[in-house]
Amino acid sequence: MLRLKQHREKRDVLGFRLPMLTHEEPELDISEIIVMDPDNTFFMRMGSDSMRGHCILKDHVLVIDRTLQPVPGSIVVFFHEGGFYTREYQPQGTKLILKADEPKDSISIENSETWVCWGVVTLTLNPVLQPQHRTGRYARVCTC
Amino acid sequence: MFAHVDINNCYVSCERLFNPALEGRVVVVLSNNDGCVIARSIEAKAIGIKMADAEFMVRQNLKENNAAIFSSNYALYADMSARLMNNLARYTYTLMVYSIDEAFMALGNISDLDLEKHTAAISENVMRHTGLPITVGVGPTMALAKLANKAAKKQKRNFLVLDTDEKVDATVRDFPIEDVWGVGHQYYHKLTEFGVKTAHDFRELKADFVRQHMTVQGWRLHQELWGKPCNIIKDVAERSKGIESSQSFNSYQTELEPLEEAVAMHAATVALKLRQQQSMALTLTIYLRTNKHNVKHDQHYPSITVKVPFAANTTYQLTRVAVQAIRAIYQPGYNYLKTGVRATGIIPAGEVQYHMFSVYEHSKEQKLSELMDGLNSRYGRGTVRLGADSFERKWIMKQEFLSHQYTTDWKDIIVTQ
């Protein structure tokens, strides 16, 4: 489950009452805009480059919300014939196209076929840290 | 009105959510040490796998049916359970988490017209959002809600609302008495003697008669089945009266050292649980067991109950007491299979009596424990531990079929194509 950021400790200033202390607001917390519904949010990792055109590359982390219903254009994670796939949701009449960059990677679901929509991708995280920085605690940046 | 919600085949459903290919297959989940079956899919029930069947007894049957077998993945089940409970809490002010896969909800005075719709919405939304199949039973009392849930399952429905006397009457009419909440073996045998076979028969008994033969518990159940609430939803979980941590080894242990390590680990777990519910323990019971099923071995079941100097919940204090205790009861020459630590005499942390002449010097240990908890909750359980609790853990339990920690370990998240 999502771990909320631990707030920085606020130090008291000796002998002097800062006038801005009465105007303090909670600081910015990145998880507020990444995860809307922590109880129903899951994380997965992109394992292929079939969604390169949608700027989802291999090893990007996917933030998946199960409370959303897919609409045309949504990026969905779904289960089909033994594996999990990430594709663009495009219903077309009685057919459902789960679109990838290349037509060969797209999946077409006929009316009778079963598929399981697992969740809607709300956001992807692209790790861009250079390898020489990936040491110590920075080795953990978006690593999985 | 009350609702009773539970997850259908909880552990199996958790495994299936992250591996939908298991849908329609025989799936079983094994207990600690992969000893026996503790969860079964409908398909597994259909091929005659019973609850608590030993793994080696049903191995052949499972193999023939191409079954998927899992070791208990409690980190996953606990996380999914928490997600479900948080979802349910959105529909009620009072949620009582009854077990890892069961909860009662107070629905208040929603008019009967809307109740069916409301229940359907809970059932549908929670199932879609968590991905776990649930059954919801609604009734005027907790016993009837639980009964409605069971009846719904029998009718293969997702929910059942017993909001009128007619519906209640129709459901209890052929509801077997042994399936009623709170009717155990003893009551079942007693009631059979009175000719009671269904919940309806039980309701027809006179209240005085029930009171006379079945104590106040049975009388309350009788009242509840007539729609008069006797149980109330307790919003806050009660402080447990005993906390235990125990585990079998993967092989026989004859040396003292691994036993000490195991006891230290259990003491640390007990201490953590105590801190989580803000209480302290006055006494610890430490025990050792040999394998009673192995008749060739000499048997030895020593156990010792020791007073903790002052009521404590720090890892350091409890570990020290536990390790000393195990040294006292350990005898060489036996093949030990299991050890455990149980805390009893549990009191709220605020009510500790200190010795009149002693100075309270535990704050350092308290801080140390808090620091350890902080690190462990951030970086994963067991990241920081006392030296007494080793890092090798050669004796750790068997988990041959463990699935991934899909929701609690970044390294284990699912990779999609």
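Which residue in strand 13 of chain B is the bridge partner of A:Met44? Select A:Met44 and follow the pairing across to chain B: the partner is B:Ile414. The model on display is predicted, and the tour below moves from this strand pair to the wider interface, then into chain A, and finally to the domains of chain B.

**Stop 1: the strand pair across the chains**

Select strand 1 of chain A together with strand 13 of chain B, residues 414–416. The two strands pair in the parallel sense, and three bridges join them.

**Stop 2: the interface of chain A and chain B**

Next, display every residue in contact between the two chains. Chain A supplies 32 residues to this contact and chain B supplies 26. Between them the chains bury about 2,600 Å², of which 54% lies on carbon and sulfur atoms.

Now turn to the charged and polar pairs. Two salt bridges are found across the interface of chain A and chain B. To view a salt bridge between the chains, select A:Asp37 and B:Arg90, whose side chains meet at 2.6 Å, N to O. Polar contacts between chain A and chain B amount to 17 residue pairs, with both residues at pLDDT 80 or more.

Colour the chain A side by element. Two or more residues each come from strand 1 (41–46), strand 2 (61–65), strand 3 (75–80) and strand 4 (83–92) of chain A. Strand 1 of chain A gives the most to this side, with six residues. Coloured by class instead, the side of chain A that touches chain B shows 15 nonpolar, 10 polar and seven charged residues.

**Stop 3: strands and a salt bridge within chain A**

Hide chain B and select strand 7 of chain A, residues 116–125. Strand 2 of chain A runs antiparallel to strand 7, with five bridges between them; within this pair, A:Leu62 stands opposite A:Thr124. Strand 3 of chain A also runs antiparallel to strand 7, joined by four bridges. Here A:Val76 has A:Val120 as its bridge partner.

Then select A:Asp59 and A:Arg45, which form a salt bridge whose closest N and O atoms are 2.6 Å apart. Because A:Asp59 lies in the loop between strand 1 and strand 2 of chain A, while A:Arg45 belongs to strand 1, the pair ties together parts that are 14 residues apart in sequence. Over all chains, the count of salt bridges comes to 18.

**Stop 4: domain 1 and domain 2 of chain B**

Restore chain B and colour it by domain: domain 1 covers 9–73, domain 2 covers 76–226 and domain 3 covers 243–379. Keep domain 1 and domain 2 of chain B in view; their centres, taken over C-alpha atoms, are separated by 27 Å. In the contact between them, 11 residues of domain 1 meet nine residues of domain 2. These two domains bury about 910 Å² between them, 73% of it on carbon and sulfur atoms.

Select B:Cys14, B:Leu17 and B:Asn73, the residues of domain 1 that lose the most area to domain 2, together 49% of what that side buries. Helix 1 of chain B, residues 10–17, gives the most to this side of domain 1, with six residues. By class, the same side of domain 1 has six nonpolar, four polar and one charged residues.

How many salt bridges are counted between domain 1 of chain B and domain 2 of chain B? The count is zero, whereas three residue pairs are in polar contact there, both residues at pLDDT 80 or more.

Terms used. Residues are numbered from 1 along each chain as its sequence is written. Chains are lettered from A and ligands numbered from 1 in the order in which they are written. This is a predicted model: local features need pLDDT of at least 70, side-chain atom pairs count only at pLDDT 80 or more; totals for chains, interfaces and linings use all residues. Side-chain values use heavy atoms; hydrogens and water are left out. Domain bounds come from an automatic or database domain assignment. Contact means heavy atoms within 4.5 Å. Buried area is the accessible area (1.4 Å probe) that two parts lose on being put together, summed over both. A salt bridge is a side-chain nitrogen of Lys or Arg within 4 Å of a carboxyl oxygen of Asp or Glu. A polar contact is a pair of N or O atoms within 3.5 Å; within protein, one must be able to donate a hydrogen and the other to accept it, and residues adjacent in sequence count only if both atoms are side-chain atoms. Ala, Val, Leu, Ile, Met, Phe, Trp, Tyr, Cys and Pro count as nonpolar, Asp, Glu, Lys and Arg as charged, and the others, Gly among them, as polar. Two strands pair if DSSP finds at least two bridges between them.
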